[in-house]
Amino acid sequence: MSRNLLIGGALSSLVLLAALLSFAWTPFDHAAMDIPAKLQPPGATHWFGTDHFGRDMFSMIMVGARTSITVALVAVGIGIALGVPLGLAAAARRGSWLDELIMRGNDLVFAFPSLVIAILITAVFGAGAVNAIIAIGIFNIPVFARITRGAALSLWERDFILAAQVAGKGSARISAEHILPNVLNLLIVQGTIQFSLAILAEAGLSYVGLGAQPPTPSWGRMLADAQTMVGLAPHLALVPGVAIILTVLGLNLMGDGLRDWLDPRLRVART
Amino acid sequence: EGGITVAMQLEPPHLDPTSAAAQAIDSVVYSNIFEGLTRFMGDGSVVPGLAESWEISDDGLTYTFSLHEGVTFHDGTAMDAEDVVFSLDRARAEDSVNAQKALFDGIESVEAVDPATVRITLAEPNGNLLFNLAWGDAVIVAPESIETIKTNPVGTGAFRFANWVQGDRIDIEKNPDYWGTPAVLDKATFKFISDPTAAFAAMMAEDIDAFAGFPAPENLPQFEADPRFQVLVGSTEGETILSINNKQPPFDDIKVREAIAHAIDRQAIIDGAMFGYGTPIGTHFAPHNPAYVDLTGTSAYDPEKSKALLAEAGLADGFETTLHLPPPSYARRGGEIIAAQLAEVGIKAEIINVEWAQWLESVFRGKNFGLTIVSHTEPMDIGIYARPDYYFQYDNPDFQALMDTLNRTTDPDKRTGLLQQAQTVIAEDFVNGYLFQLANLGVAKVGLEGLWANAPTAAIDLTAVSWAQ
Amino acid sequence: MSLLEISDLNLSILGTPILRDMSLTVAPGEIVAVTGESGSGKSMTAFTVMQLLPPFARTAGSVRLSETELLDASEPDMCAIRGQRVGMVFQEPMTALNPVRTIGQQVAETILVHKAMSPDRAEERAREVLDRVGLPADRFPLTRYPHELSGGQRQRVVIAMAIALRPELLIADEPTTALDVTTQAQILDLLKGLVADFGMGLLMITHDLAVVADMADRIVVMRHGEVVETGPTRQLLAAMKHPYTRMLFEASNHQVALPPLPEPAPLLEVRNVVRDYRLPRRKLLAPAGHFRAVNGVSFTLNRGERLGLVGESGCGKSTLTRALLGLEQVQGGEILLDGEPVFSGHRPNLAVRRKMQVVFQDPFGSFNPRHRVDRLVTEPFHLLDDPPKGADRQRVIDEALTAVGLKPADALKYIHEFSGGQRQRIAIARALIIRPDLILFDEAVSALDVSVRAQILDLLAELCAAYALTYLFISHDLSVVRTVTDRVLVMKSGEIVEQGDTETVFTDPQHPYTRDLIAAAPVLPDRESLKRMAYHD
Amino acid sequence: MLRYSLKRLLSLVISLAVASLVIFFVIEVAPGDPASFMLGINAQPDTVAALRSELGLDVPKWQRYLDWLGGMLTGDFGTSYTYRTPVSDMVAERVKVSLPLALYALTLSTALAFPAGIYAAARRGRPGDMAVMGATQLGVAIPNFWFAMMLVLVFAINLRWFGAGGFPGWDNGVWAGLHALTLPAISLALPQAAILARVMRSSLIDILGEDFMRTARAKGLSRRQALWRHGVRNALIPVLTIIGLQFSFLLAGAIIIEQVFYLPGLGRLVFQSISSRDLIVVESVVMLLVFAVIVVNFLVDLAYAVVDPRLRART
Ligand SMILES: Nc1ncnc2c1ncn2[C@@H]1O[C@H](COP(=O)(O)OP(=O)(O)OP(=O)(O)O)[C@@H](O)[C@H]1O
Ligand SMILES: Nc1ncnc2c1ncn2[C@@H]1O[C@H](COP(=O)(O)OP(=O)(O)OP(=O)(O)O)[C@@H](O)[C@H]1O
Ligand SMILES: [Mg+2]
Ligand SMILES: [Mg+2]
């Protein structure tokens, strides 16, 4: 196991652990305000200090991890659940109108400026975690469709697929039995990377106020709240900023590590 | 130096104050470019503007205004009675798109008696007419330039419009032919900085000379501590309230509304959301107004009482509602605090952040909300409580009668009495949660003089601004 | 005096020894062939000379080029030597050229990088060498890109690059393995001519003993990184002191005995089959073009018969295979198995499909790496209405694996745990498991080492005896086809140009193409004649 | 080539048509009415109705769609509801900021990424590579708005080397304009550079393993020479794709950065217009951005053909 995988895995599990632990325990109630105690620097009582309402930043970071992970997980899940079958179908019917349709559709989604559309979606359907998930999820579909199709296409050229065809198996069955398991590694690796991108996207959306709504803590919104106070209390911006960076870093390292570990020959489009 | 750069948060959509509600328009053009027959001063008083003087008939139905002589528009054409008739008729017309068309309700006719005299006839007496005519929505515009007013406003003010870089700034320059006391500054630039961080950074970096309506109160102590800057704290006409949908159960029960009132800790909100800037209010009235009554005691913070009231109303376990929050930070931050405070007494208010357009559609027009926070910045607007179709849907015939009487009353003392009575009625009916009077926060470089500290209306009046020697 | 002298060379990569006490010499004008099975260290020897070893390689011993000790040479010195004093040609012509630069640029680069000539002169020289390797200016201007050339032509460009500066030594690592026999013969001729013209030393690496026997002045036989035997070609082949050399020789020439043919009864009937590939439109409104990969092919395969199909790369062999399997619709003609069409309506006829199985060329790509052997070999059960289950299934698997010389326990392994030869056995097991009437072998032994190939051919013969197999054996390797088939079809550009009894076709080819093909194929002389020749020397 | 270009052009037109439909109808669903928004809370219903008809909002949706589409085909993007100026003028004004910003950022990111990626690939597995890769991992992980905040804090507020934001306009000189765009460009460029450097490196490493690189070495090229003469151009193909994607991202995705530096760019125009329900501006700008992305992709495809002769032949 590579160093990347080790460091990445450790960072990611740390974040995941914090998120899971927050269901059972946080040092303080993350929503409890104590306005006289606002903007306290990190210290013995409040490990990461308090925010502008006197809430405990450590607790908020823990619960915020939950928000980030949930949003990112579901968004990537949408991308996989819809993108992978599309990619498999396109590869199975390569060269046909279906393939063409799916790929053109992909290009079209790619052509939309994602952030602008995300803002539009949340503006139209209201700000909130669910709509943030949808907005991020939509742009994950073509990513997975494309890499699934790419990998599946080269698999369809392989002799073992021909052998399966000789055994009388139809393309749906071959896709499920032979293609999917062989693109799984690639999907896991890409999934990790998309996951980290989704965390960044969620932070961005929350930063402009379109992500999870208060009182649910969200790292991006914590940053937005902090931005006018960096001069007064730098920890307000540093703590969530570092949380985002470490999480994304951890996931990316893990993705790289997984790729090397699962299959050194995998090619992953990191865009 | 002969010029300044003043920043404000929002960019005006266009520059016609008579066809949009956007306060940013008034901020730029009020008194600087456009003037009305009367005008507001920085302390909120109404004084003569383009009208030198006026006479009111005994029955209070006819106002005869004498205009200043020798006033010209920036394009060189003369400003005379015909322009006044044109401006006011345009604002009251059937197809008018004046956002405050109600200001002109009750005007029967506007006539030019001679080039320097205008007569306004009313259907019934209106004690507010001179006040109403001071609004930015009632300024005098020139018919010749009305086509291009939105992008190239031509007024009579001490400054004239020079240039607009959309998304960035508007430049105005001194009007050398001004009829009154000329401006001291040769030119001025309004810069639009919507982001609070950017506002702070721009001020700190001295990219700008002043910021009117500074959006981040938390940064003011830093400016105070910095010898380069002065902080101007004044008041606005903005009563910031937690509006309650009075028709929506359970808010139709006064006990529930009272419970909400007692659940709110105003000082915590002022400290938490506004970093201490703002005056607590107990009713819908500006504290700086002589007629103000301090009713904060009526709705003092008392969560226990609040819970008891809820229990009395049969809601011992609390209830769920929505809290719609428009974009300004007083609402967004205040809302978070209020939601937390309501949660303490068992009321679960789901926060729904909305943009203004959405707020107008679903909350204001659709009345589809439980609670919302908004600052009512129109001066002297207690009259909205007499409109049962107004979005918080307060329908009290007694109060409506009271307002009727008030409108017909011109005697100042009687008016004060009536106003105080009105304030008490709504406070005791707990129509809304009354939070605080929005502070007018400004930051300027040391040495800049003559800026308004208060904001009786949305205006950044630069006519008297100058740099100290 | 020798040009290249390798003595006691030891090479290890990350601690694994690759070459052990390796020695050889090449004199000017001499062709030395290094041969041996896959992985014996042939290529590593070449890379050591070039000093282009993978990272973490350690060398000891001596590699001298004339007076220069290459193992001690600095990297800049090596850069000066490579291309100028030593040229190298690689196996894969398709990928050995930079796809984004013209052939002229790439040939001239050898000259320019050594600052041997002015750019204008370099271009002239590039032209000259390209002419010399058989790429005349009128058909192959310098501005051509590699993708515009065939494999053989590309190999000529690579050779041109290697000889542009008339190096003293040319190293060729399997220069013809990827090419057709006819092209191979041309390239080998070219190399021989160059050695004769320029007096270069040629270190030729090949696993093909027939090529070695034909070309080399001296032979070096390697196994597991060691030289097992070396000497002048004729003597070495005549004596073959080392058993490994003998084994190689025998395996290369391996003959199997097929059981006699039963009475002819048609099993597979192919009539006038045409297979067109649609080409992308050249112009927007022009009709789409067609490429006829299989053109009017007809033949009959009798039950119990072993039929061969030979032809150059791209002549349509695999396309025909797919058509026979009913995987693709044909554009004309009919294919009947047991009197029934393999393709009915617009879909494959599964009832017929279950009577056929196939074994592919690439032992590494024919299996899903994620499945165990038992699942892999039972994949054809999908064709059966009532596949064996439970213990029955187990028994069938055991039987199939045993039949191909594997153990029943292998059923639980994954495919990566097997060698190439074992994988081909598994492929055969998979083909056998539903006892098909017909098996198609598409280049089934082409990727294997000679010794392994010999074993698989033996297995085939055994299976023929045990199960009375009927098969179509597709290969470009004439010697293999000659021994495992009764009858042979010769295919060229999608058409069958000649068919007949295997021995008859090989000894008395009728069609000029068949004659070319047979003439171009290098053949190993038999041992008796070798001994005689050595004796006469 | 012609056939290829025509085919691409056709799919481009279809994409645009579909995009216009999607954009128009998604945006029109948005709750909120521009007329009410402009007139505020005291406006009377008849005033709002008057403004709606003045803005042309009272005609059916599909007709507005056709008008809008037809207008765009003739270069008329309509008139902004709130600003009452032609959308094309507004857009032209904003493009003057967004386009230079995108190009500036792209230049910076390419200038950073190419050497870094090539350096790392050439030094694969060695400390230099690890350092570069570590840095890029960090670069990818940093949210650009956070980075922007930090840049402002350090360079605008503390050091005062740069203004905190705003854009003086190109009339005040190219230098002043570039100076104002420097911090935004850096904050946009850094994460992009990190991605680009990674792509450059991995693509180059792939190429380094190709047979023709060995051929080049056998000719006598040094490692460096082989890398530059044969590696870089071949590695450019995936890199070009990313550059294309990044350009479109930079053009539209700068919203948040434009917000932080209060730059009057396209992104902020969209943001403002969404909040004021100036739908026609939103529709036109989004359409324009989609158009830009599609055109950029088209150009990238053509650029491939320049880089790779195999594509030239196939097309
Ligand atoms: N890059 C490498 N790292 C480690 N070991 C290697 C590397 N390349 C080759 N080897 C090992 O070195 C040995 C000799 O390989 P080499 O390529 O010289 O064989 P060869 O005789 O050329 O075989 P073939 O006929 O298949 O080309 C093999 O065991 C191989 O596994
Ligand atoms: N999908 C396809 N589309 C167009 N042409 C094709 C396609 N597949 C194969 N061809 C062409 O058809 C011809 C026959 O191909 P086929 O694969 O049958 O050759 P082959 O004889 O099996 O060659 P090899 O020995 O290299 O496997 C070739 O010229 C090839 O380029
Ligand atoms: Mg080799
Ligand atoms: Mg083939």
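Biologist: Which residues of α9(C) meet residues of α15(C)?

Modeller: This is a predicted model, and the contacts between these two helices can be listed by residue. On the side of α9(C) they are C:Met247, C:Leu248, C:Ala251 and C:Ser252, and on the side of α15(C) they are C:Val450, C:Ser451, C:Arg453 and C:Ala454.

Biologist: At what angle do helix α9 and helix α15 of chain C pack?

Modeller: A pair of helices is described by the angle between the axes and by their distance. Helix α9 (residues 243-252) and helix α15 (residues 450-467) of chain C pack at about 50°, and their axes are 8 Å apart. That angle makes α9(C) oblique to α15(C), because an angle that is neither under 35 degrees, nor over 145, nor from 65 to 115 counts as oblique. The crossing of the two is left-handed.

Biologist: How does one read a pair from two chains, such as helix α4 of chain A and helix α13 of chain D?

Modeller: The reading proceeds in the same manner. Helix α4 (residues 114-125) of chain A and helix α13 (residues 279-307) of chain D pack at an angle of about 150°, with axes 11 Å apart. This makes α4(A) roughly antiparallel to α13(D), since angles over 145 degrees are classed in that way. Here too the crossing is described as left-handed. The residues that meet are A:Val116, A:Ile117 and A:Leu120 from α4(A), with D:Val282, D:Val286 and D:Leu289 from α13(D).

Biologist: How many residues of helix α8 of chain A are buried?

Modeller: Burial is judged from the relative accessible area, and values under 20% count as buried. In helix α8 (residues 219-226) of chain A, 8 of the 8 residues are buried, so the helix is largely enclosed by the rest of the structure. The buried residues include A:Trp219, A:Arg221 and A:Asp225.

Biologist: Against which helices do the buried residues of α8(A) pack?

Modeller: From chain A, the partners are α1 (3-24), α2 (57-92), α7 (171-207) and α9 (235-262). Two other chains contribute as well: α9 (329-344) of chain B and α7 (144-158) of chain D.

Biologist: How many aromatic pairs are there over all chains?

Modeller: Aromatic pairs are identified from the distance between ring centres. The count comes to 35 over all chains. One of them joins B:Trp356 and B:Trp359, with 5.4 Å from centre to centre and 85° between the planes, an edge-to-face arrangement. Both residues belong to helix α10 (residues 356-365) of chain B, where they are 3 residues apart, about one turn of the helix. B:Trp356 is partly exposed at 28% relative accessible area, whereas B:Trp359 is buried at 0%.

Another edge-to-face pair is formed by D:Phe24 and D:Phe25, at 5.1 Å between centres and 75° between planes. D:Phe24 has 1% relative accessibility and is buried, while D:Phe25 has 30% and is partly exposed.

Biologist: Which residues form one aromatic cluster with B:Trp356 and B:Trp359?

Modeller: The other members are B:Phe364, B:Phe369, B:Tyr385, B:Tyr390, B:Tyr391, B:Phe392, B:Tyr394 and B:Phe399.

Biologist: Where does A:Lys38 lie in relation to B:Phe275?

Modeller: A charged side chain may be placed over the face of a ring. A:Lys38 lies over the face of B:Phe275, at 4.1 Å from the ring centre. Within chain A, A:Arg66 lies over the face of A:Phe23, at 4.3 Å from the ring centre.

Biologist: With which residues is B:Leu406 in contact, leaving aside neighbours within four places in sequence?

Modeller: Such contacts show where separate parts of a sequence come together. For B:Leu406 they are B:Arg415, B:Leu418 and B:Leu419. B:Leu406 is found in helix α11 (residues 397-408) of chain B and is buried, with 4% relative accessibility. B:Leu419 is 13 residues from B:Leu406 along the chain, and their C-alpha atoms are separated by 7.6 Å.

Biologist: How many helices and strands are there in chain D?

Modeller: An overall account of a chain starts from such counts. Chain D has 14 helices and 0 strands; its C-alpha atoms fill a box of roughly 85 × 55 × 35 Å along the principal axes. Of its 315 residues, 60% count as buried. Chain A has 9 helices and 0 strands, and its C-alpha trace spans about 75 × 45 × 30 Å along the principal axes. Of the 271 residues of chain A, 62% count as buried.

Technical notes
Residues are numbered from 1 along each chain as its sequence is written. Chains are lettered from A and ligands numbered from 1 in the order in which they are written. This is a predicted model: local features need pLDDT of at least 70, side-chain atom pairs count only at pLDDT 80 or more; totals for chains, interfaces and linings use all residues. Side-chain values use heavy atoms; hydrogens and water are left out. Rings of Phe, Tyr and Trp (its six-membered ring) pair if their centres lie within 6.5 Å; planes under 30 degrees apart count as stacked, over 60 as edge-to-face and the rest as tilted. Helices (H or I, at least four residues) and strands (E, at least two) are DSSP runs, numbered from the N terminus. Buried means under 20% relative accessible area, exposed over 50%, partly exposed in between (1.4 Å probe, protein chains only). A charge sits over a ring if NZ of Lys or CZ of Arg is within 6 Å of the ring centre and within 35 degrees of the ring normal. Axes are lines fitted to C-alpha atoms, for helices over the stretch in contact, and angles run from 0 to 180 degrees between N-to-C directions. A crossing is left-handed if the near helix is turned anticlockwise from the far one by less than a right angle, and right-handed if clockwise. Contact means heavy atoms within 4.5 Å.
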